[in-house]
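Student: Could you take me through one part of this protein up close? I'd like to see how the pieces there sit against each other.

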Amino acid sequence: MKKIVIGVTGSIAAYKVLEVIREFKKRGEEVLCVLTSEATKFVSPLSFSILSGNEVIVDFFKPRETPIHINLANSALILVAPSTYNFIGKVASGIADDPLSCIIAATSTPVVFAPCMDTGMWENPVLQENIKKLKKFGYYFIEPEIGELASLKIGKGRFPEPKFIVEEVYRILNSNKRLKDKKILVTAGRTEEDIDPIRCITNKSSGKMGYALAFEARLQGGDVTLISGPSSVFPPSGIKFVEIRTTKELKKEILSRVSDFDILIMTAAVADYTPMQYSQEKIKEKQLTISFEKTQDILKLAKKKNKKLFTVGFSLELEEHIKRAKEKLKNKCLDVIVSNDVSSLSSPQAQVTLIDKNLKTKTLSLLSKLEVAKKIIALIIARI
Ligand SMILES: Cc1cc2nc3c(=O)[nH]c(=O)nc-3n(C[C@H](O)[C@H](O)[C@H](O)COP(=O)(O)O)c2cc1C
């Protein structure tokens, strides 16, 4: 049984979604409806609560044990049907000022929009740009049909048949299950190595790449655990989240879990060196020399502990990127290595080369880290 959230917005076709709810209920799904206040001008929440068998959410600020956007963000899927021109614009602009847009802002589960509107609105380039933008972020769309509209004119913008909507939703849900039953451990962010109680040595990694990979792996149905060093990125919902700070803590968390996992994606920028001495007092010397020793190769240790583990490593070099990445791939017995460019550090974008076990190499153009994550996950799916 899946929990499906159906968001209804202020379209003339809002009544048609009652049939969509019935179709889901017939298939044994749990349905929860969220109506925008404009939707309630077209349909009564009463019909939605009777057909769904659940309370209908309209009021954002009604006192509840858990805020509604946190509670519903973990559903199997969010379907916005019908979806207005206005609502698509809101989500594309990052506005979250009603329960439905806020649930969408907080979720990492698939979101499907079924737009319905007058042809003029559908063809408006502003809407088309918004849809393009949302698709890029991984949102799904069920295209409206060409047919008779509320104005009695014929054109594109008609709400599709409820049965078609339901079939499309299942198709999308199933396409998201390519990592179903896979346990995936993702590491992200940087580690910090202490020098004294106040200072540490670290690197410039932001964690963005690892968080994007955790998001994408979860979207593909994976059971994801994200172990993260210090990072200002907000973890995606629906995953297990473990915070670490030092390389030692990272090693402990990985090695204590790794036997149970199928895939390890190691994006964390682990310190290669750690100070050989730690001062209990704040260091005050005028000149300071610190000796460092090499840290252990956690990826190698993890592979040793779980020989079946599918391992993905990252490499960042200033010279001979590909040659050195290939050497690391072999030395660490990795299944895939991602050769990163130094410009990707802390950036929302990355330019990477993907290399698999057979040394098959693919250099990608400069993409957002979410797009890069999609390509990496697609390669993992193709190789496992
Ligand atoms: C009678 C009537 C029918 C409407 N039908 C649609 C529609 O089918 N699609 C659409 O995008 N907007 C439609 N609108 C405009 C939306 O209701 C309006 O943009 C509203 O602010 C949407 O609010 P919401 O997106 O928060 O639900 C209609 C408005 C009226 C008065």
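Tutor: Let's look at a helix pair, then at a sheet, and then step back to the domains. Keep in mind that this is a predicted model. Start with α1, which covers residues 17-26, and α2, which covers residues 45-52. Their axes lie 9 Å apart and make an angle of about 15 degrees. Anything under 35 degrees counts as roughly parallel, so that is how α1 and α2 run relative to each other. As for handedness, the α1 and α2 crossing is right-handed. On the α1 side, the contact involves Leu18, Ile21 and Arg22, and these meet Ser47, Phe48, Leu51 and Ser52 of α2. Sort the residues of that contact by class and you get four nonpolar, two polar and one charged.

Now for the sheet. It's an open one with five strands, ordered β2-β1-β3-β4-β5, and the pairing is parallel. The edges belong to β2 (30-35) and β5 (140-141); each has a single partner strand, so one side of each has no neighbour in the sheet. At the β5 edge, β4 (residues 111-115) pairs with β5 in the parallel sense through two bridges. Phe113 sits opposite Phe141 of β5 there.

Stepping back, the chain splits into domain 1 (3-175) and domain 2 (183-383). Their centres, taken over C-alpha atoms, are 37 Å apart. Where the domains touch, nine residues of domain 1 contact seven of domain 2. The domain 1 side of that contact has four nonpolar and five polar residues, with no charged ones.

Terms used. Residues are numbered from 1 along each chain as its sequence is written. This is a predicted model: local features need pLDDT of at least 70, side-chain atom pairs count only at pLDDT 80 or more; totals for chains, interfaces and linings use all residues. Axes are lines fitted to C-alpha atoms, for helices over the stretch in contact, and angles run from 0 to 180 degrees between N-to-C directions. Helices (H or I, at least four residues) and strands (E, at least two) are DSSP runs, numbered from the N terminus. Angles under 35 degrees count as roughly parallel, over 145 as roughly antiparallel, 65 to 115 as roughly perpendicular and the rest as oblique. A crossing is left-handed if the near helix is turned anticlockwise from the far one by less than a right angle, and right-handed if clockwise. Two residues are in contact if their C-beta atoms, placed from the backbone, lie within 7 Å. Ala, Val, Leu, Ile, Met, Phe, Trp, Tyr, Cys and Pro count as nonpolar, Asp, Glu, Lys and Arg as charged, and the others, Gly among them, as polar. Domain bounds come from an automatic or database domain assignment. Two strands pair if DSSP finds at least two bridges between them.
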